[in-house]
Amino acid sequence: MNYLIGAFKRHCDISIIFSDGKTRKKASMKKENGQTVMVPLFQSQENIAGEVIIEPLHGKKVEHNGVKIELLGQIELYFDRGNFYDFTSLVRELDVPGDLYERKTYPFEFSTVEMPYESYSGVNVRLRYILKVTISRNYVSNIVEYQDFLVRNYSPPPTINNSIKMEVGIEDCLHIEFEYNKSKYHLKDVILGKIYFLLVRIKIKNMELEIRRRESTGSGPNTYVETETLAKFELMDGAPVRGESIPIRLFLSPYELTPTYRNTNNKFSVKYFLNLVLLDEEDRRYFKQQEITIYRLQET
């Protein structure tokens, strides 16, 4: 029984330290327990380097079959919790089998790491990057330590960014044209546009513009879709008349948006929509939805 108790005791402390940890920019990340922590921020093609420090506890030796560090990019679908789909997997062997009697430091480096997707934490899925240190052992469980970090990738302004022009109509009752200045927006952009009332024979009392996020995970019968309304912006309160135009000016920076994810590693997508909603005096709703692309612009 004493042997079994000892098998589950922690035999050493493991620290993972980034070489530029004191100067590198950090960002907040919400952990599974709901706590928010600050973790280092990287982008694709950067070097990730540092050192692993292992310190045996209580003056006892740690027998092992080798020490390694892995850099993993993983997708976890919450309906399949516990199964991680690795799209990036790199490993460095730090030590050969032997015994550890005292504190030991191992340098590591992963050069120009390809990290194609941004970190993401959604309703039914998360995409994360971690460093994972494993001390392999016989007969008893391995000793494992994790260190999260975030990845953000930046895009230049698109060379082609067409405006959006659409119509909403009910035959002989309502005819509206609306126009947005472009179809691709960065996270701190401003949506500009106009709405034209060409025919109004129903009594409209209110009009709103919504930003919606649609997260799709899985495939086939295991497809899950979650739609969130992130913003509601009142464009008009009261009845419009024929020939009237309403300007649109909506700032994106106050809202918690992410870039658009399109069929990421065949596991999930995150898309954004502008939803124009009209409400008449009998509380009937009329709406028109248009997909937009969100990207992260390099900060200056």
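A pocket is an open set of points, on a 1 Å grid over the protein atoms alone, where a 1.4 Å probe fits and protein lies on both sides within 12 Å along at least five of seven lines; lining residues have an atom within 4 Å of a point. A volume is the space filled by probe spheres set on the points, which are joined across faces, edges and corners.

The model is predicted: local features need pLDDT of at least 70, side-chain atom pairs count only at pLDDT 80 or more, and totals for chains, interfaces and linings use all residues. Residues are numbered from 1 along each chain as its sequence is written, and side-chain values use heavy atoms, without hydrogens and water.

**Exercise 1.** Describe the largest pocket and its lining.

*Step 1.* Start with its volume, about 1,600 Å³. Of its 50 lining residues, Ser-28, Met-29, Lys-30, Ser-121 and Leu-150 are the closest to the centre.

*Step 2.* Next, look at the strands (DSSP runs of E, at least two residues, numbered from the N terminus). Those that each supply at least two lining residues include E2 (26-30) and E10 (120-121). E12 gives the most, six residues.

*Step 3.* Sort the lining by type: 25 nonpolar, ten polar (Gly counts here) and 15 charged (Asp, Glu, Lys and Arg).

**Exercise 2.** Work out the strand order of the open three-stranded sheet.

*Step 1.* Two strands pair if DSSP finds at least two bridges between them. E1 and E4 (residues 48-56) have seven, in the antiparallel sense; Ile-16, for one, has Val-52 in E4 as its bridge partner.

*Step 2.* The order is E1-E4-E9, with antiparallel pairing. E1 (12-18) and E9 (104-110) are the edge strands, since each pairs on one side only.

How values were computed: Helix = DSSP H or I, 4+ residues; strand = E, 2+ residues; numbered from the N terminus.
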